Structure formats: C-alpha cells, structure tokens
Amino acid sequence: MSSQPMEAPEPNNKDGISRRDVFAKIGLLLNGLAVAVLATPVVGYVLSPILRGERGRYKSWVSLGELDEFPEGQTRLAKFQNPVSSSWDGDTDHIPCWVRRISGEQFQVFAINCAHLGCPVRWFAQSSLFMCPCHGGVYYQDGSRASGPPPRGLFEYAYKVENGKLMIEAGQLPTLSTTAKLETGSRGCQG
Amino acid sequence: MSRLKQIGDWFGARLQIGPAIRESMAHPVPSKSASWWYVFGSAALTVFILQVFTGILLAIIYVPSAAEAWNSLQYLNHGVTLGWFLRGVHGWGSNFMCALVLIHMCQVFLFGAYKFPRELTWIVGVFLLLLTLGMAFTGQVLRFDQDAYWGLGIGASIVGRVPLIGAFMVHMLLGGPIIAGDTLSRFFAIHVFVIPGLLFGLVSLHLLMVLKLGINDWPMPGRIVRRSTYLKEYHELTQKDGVPFVPEAVWKDMFFSAMIIVSVMVCAVFFGPFGPSGYPDPTIIQTVPKPDFFFQWLYAMLALLPPEVETPLLLIGPVIGIGFLVLLPFISGEGEKSWRRRPIAVVTLLLIAVSLGTFTQLAS
C-alpha cells in the first residue's frame, strides 16, 4: 500500500506520553464509568426474581376452603390461587396440594411436588400411599418417605384454622432448597 | 464486459471481500479428507440455518405468554395454513441438529481432529454442543404443555439441590416463586435471542478456525502429531496432495445436507409436529411428564441412582464431564490420530454410547 499515514508526527516528549494517549485513556475511563452506571440498574433488574422475594415476601396465607370439605381420616386434593400471580399466568398459578385431615383441627397439607424432582404425586387411598409417576418415589400417608429416589418426605405447608376455614402459608414452588420457608418444622427429613 | 460482471465488480470494489471468498473456496483440502466422513459439521450448520428460518416463521404466530402459548400452538397446528408442517420441520430439525452435532463430535474425537493445532476449534465445539442442547431444552419449554411445565419443575428441583444459593437459583430460573408467566417469557428470550446470538458468534469462530487451520488430515496409523513439526507437515501434505475445497470436497457436503433437509421434511410430513400435549394446568395431576428424546437418558438415570449419591452426581457430574471435554486437547494434544492406535479412546466412546443408548431405551 502506498497510502501515507494520516496522523501528524508526534511532538517529542521526554516521558513518552503524548496528549493523544492521555485523551484515549480518559475516554476509556469515561466509557468504563458509563458502563458501571448503566450496569447497576441492569443487575437490579436481572436479579428482580430474588430481590422481590426477599424476607419471605413470596409467601402468604391462602384459604383452601371450609373445614367440612375435608372429611376426617381422608386425604383429598385441594387447589388454591398462588398469592403471587399475574394476569398472563393462564392456569399455571392454580396450585394443587394434598390435604390430610387426621382428626378435628389436626391436618397435614402436603405440596403436590415430589421431593425428588418436583413431579405431581398422586394419592392412592387403597394402599394409603402417595406415588410419583416420574421416577417411582413413594410416600406413606403421613408424607414420610417409603421408597424410591426421594431424599426426604413430602414438603408440608404450615396451616391454621380461621373462621372455619383451612388456611395454608404458600407461595413458592417447593424444592430441596426452597423448602425451609414452607416447612412447619415439626417434621424432619426422612432418610 | 457483461452487465452482470459490471454489477459484480461495482459491489466487489466497495465490499472488498472477493479475494477472501475466493481464498476460502479454493483453500486446499488433503485429498483423502474430501471424504463422506467429513460432512456432519456442514450438515449441522445447514440444519441450524433451517432452524433459524423456521423459528422466525413460527415466531410470527406464537404467543410467548403462559396464558396463550398453548392456544397459539393449537392455532399453528390446526388454524394456520401449513403451520403443522413448519412446527414439524422445526421440531424434527431440533432432533436432527442434536444428532448431527453429536455424530460430528464422535467423528472428530475418533479422527483425533481435536489435537494440535485445533484445540480451540474443539473447545468452541464443546460449547456449541452445550448450546445446542440448551436450545433443545428451552425449545421444549416453549411448547408450553404439561411436559414442559413439569420439565421445568424437574429443572428447578435439580437447581434447588445446589448448596447455599439453591433457592436464589430456583427463583432466577423460574423468574419468580412458581412456574408461571415470567418463566415462559424468560425461556422465550433465552431460546430466541440469547442462545441463537451465542450460536451465531461461536459457529462463525468455529468455521473461521476450520478455514484458517485447514481441515484435519486423514488419520494414518503411525503419522504422529508433534507440535514442533505438524504445521510444516500439514502444509507439505496440502501442497503435494491437496485439492481445492470447491468443487472437490464441497459437493459431498451439499449432497449430504440436501439429504438431511429432505429427511427432516419427510419426518415432519409422516410423523407430524411434537405436541403440544395436555394444557399446562398444574391442577391436572393425571399426567406422566416425559422429556424429549435427547434428555431421556438423564430421565432414566434419575430413576435408578441411589438417593445418597444423586445430588453429588447431578451437581459434580456435569462439571467433570464438561471439564474433561474442554481439557481433552490438552491431555492428548499430540500423538497418534488414528483410531486403530487409540484403543482406550475407542472403548471409552463405545462405553458412553452403549450406556446412553441403554438409558434412553429404559426411559422409552
């Protein structure tokens, strides 16, 4: 190529630092600052699913219905609308759970999700067992693990009876690490 | 000078890419490498382009909303002219792309093509495999049916096993506390923007390196790769025994790619699109969720692993597997390329293939 270099020769400088270098570095610094300023709200936006749920804000008390919908000694499927939801959720914010009325106001409310990998467990009244269709997890009627791959018993919701209604504290998909907020604490892990 | 040539020259003078294109087309390929064994990579690229086109066409109808996605898929299947066909091509194209990327990887492994100086080409390829599987999983989520819903539950449950930050990761994966509207929206963004963008970038890099470093020479037993001499030997080989990529090698790529596209279309016509299965309502619990073909080996494995080792295997297994693939060209960057002289490599590959095949068989 025969084209001549466009720039004028650099003025002699004893330190080897030219004005152009200094401006290029300042320009770089300004861009870095702009990126940092922009990044802060972006990080907040991206982390919103975590920040919104801080301090248990995802969970609240929801009603499962009148007490007499749950006969004593039986385990029945109940449904509730998830407390955190939006109009474009379709039916995905309708969450099922298993209600076991032991006697009187003594209940156990189990999450539908298998403690293994979250599939929907089904109640088989004849054998008094919960069974999972995915990987063969089996639980006793009190939710403790009977066999198969689950590392623990079924997840339980905290419950209370208020004005003749059964209420549970719910709001998030239970997994092995999102359980703590769902547990009553009365029932430990099953081996 | 013809009018066409004038127009060509007008663009050529401004774009300045003519020489680069001519150089790429004419780049010498060792004559033995102009083989039917070397067609899988280009076929995977062809299917990727097919996926981009059919994906854009589906996106002009599909509604990425948890409330409407399932209905819009029904509309695509039954209401839009040939919508079922495009869904079929995209769904089968996905299976073909996974298969081709895997076959390409096995071929590259058996032919020792990951050795010096093509280490980085291999490493980029490992990430292309992961991104392809990422496309398959996120695509299955966009088919927002019961399998997709409970598949997300399985994904969240696996992520929830991560110590300390498991809960954060579950909420980041789902975009909120439960599988709902925000979940589908973020998987749509990942499937349509994030992973395709990464794929475009890495595929370009992968191709550039294939062109710059040259296609792997046919592995001959006894022809040893040494860092000190390989480049010179390869240069001599292409000088002595090289043929131009176009037309000597490219016609095989074109034949095979065309055959693959026809096969995808035949599958789409005869087997139709995938689902959607039942409406995504979690209160319908009479369902047996099942993942797509390329994840079924994992599904079977999860049923068979003892509970005590499951979490460590789920969390550490992928790190070891991916780590091994990335480090492979550094572990054996030199030496024999021929599978005839690499019994451990051949046996390892067979063992993995038989295991994955058996697990897939068990799940179906």
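Two strands count as paired if DSSP finds at least two bridges between them. The exercises below apply this to a predicted model.

**Exercise 1. Determine whether β7 and β8 of chain A pair, and place them in their sheet.**

Step 1. Strand β7 of chain A covers residues 138-140, and two bridges link it to β8(A). The cut-off is at least two bridges, so the strands pair, and their sense is antiparallel.

Step 2. Within this pairing, A:Y139 lies opposite A:R145 of β8(A).

Step 3. The sheet that holds both strands is open, has four strands in the order β5-β6-β7-β8 (chain A), and is paired in the antiparallel sense.

Step 4. At its edges stand β5 (122-124) and β8 (145-147) of chain A; each has a single partner strand, so one side of each lacks a neighbour in the sheet.

Step 5. On average, neighbouring strands of this sheet are turned by 35 degrees against each other, with direction ignored.

**Exercise 2. State which strands β4 of chain A pairs with, and why β4(A) is described as largely enclosed.**

Step 1. β4(A) pairs with β3(A) in the antiparallel sense over six bridges. One bridge pair joins A:R101 to A:F107 in β4(A).

Step 2. β3(A) and β4(A) make a hairpin with two residues between them. In its turn, A:G104 has a positive phi of about 50 degrees.

Step 3. β4(A) also pairs with β9 (residues 156-162) of chain A, antiparallel and over two bridges. Here A:V109 has A:Y157 in β9(A) as its bridge partner.

Step 4. Strand β4 spans residues 106-111 of chain A, and five of its six residues are buried, so the rest of the structure largely encloses it.

**Exercise 3. Find which residues have the most contacts inside the largest nonpolar core, and list what A:C97 touches.**

Step 1. The largest nonpolar core has 89 residues, and A:C97 and B:V47 are those with the most contacts inside it.

Step 2. The largest share of this core comes from α5(B), with nine residues.

Step 3. Leaving out residues up to four places away in sequence, A:C97 touches A:A78, A:V109, A:F110, A:A111, A:I112 and A:Y157.

Step 4. A general tendency applies here: in soluble globular proteins, nonpolar side chains tend to be buried together.

**Exercise 4. Describe the side of chain A that touches chain B.**

Step 1. Chain A brings 39 residues to the contact and chain B brings 39 residues.

Step 2. Both α2 (48-51) and β3 (94-103) of chain A supply at least two residues of this side. β3(A) gives the most, with three residues.

Step 3. By residue class, the side of chain A that touches chain B has 18 nonpolar, 16 polar and five charged residues.

**Exercise 5. Compare the span of helix α6 of chain B with its expected value, and say what covers its buried residues.**

Step 1. Helix α6 of chain B (residues 119-142) has 24 residues. The expected span is 1.5 Å times one less than the number of residues, and for this helix it comes to 34 Å.

Step 2. From first C-alpha to last, α6(B) reaches 35 Å, close to the expected value.

Step 3. The buried residues of α6(B) include B:W122, B:L128, B:M135 and B:F137.

Step 4. Among the elements covering the buried residues of α6(B) are α5 (83-110), α7 (146-159), α9 (181-213) and α13 (307-331) of chain B.

Technical notes. Residues numbered from 1 in each chain as written. Chains lettered and ligands numbered in written order. Predicted model: local features only at pLDDT ≥ 70, side-chain atom pairs only at ≥ 80, totals over all residues. Axes fitted to C-alpha atoms, helices over the stretch in contact; angles between N-to-C directions. Contact = placed C-beta atoms within 7 Å. Nonpolar A, V, L, I, M, F, W, Y, C, P; charged D, E, K, R; others polar. Buried ≥ 20, exposed ≤ 12 C-beta atoms within 10 Å, placed from the backbone. Core = buried A, V, L, I, M, F, W, Y, C linked by C-beta atoms within 7 Å.
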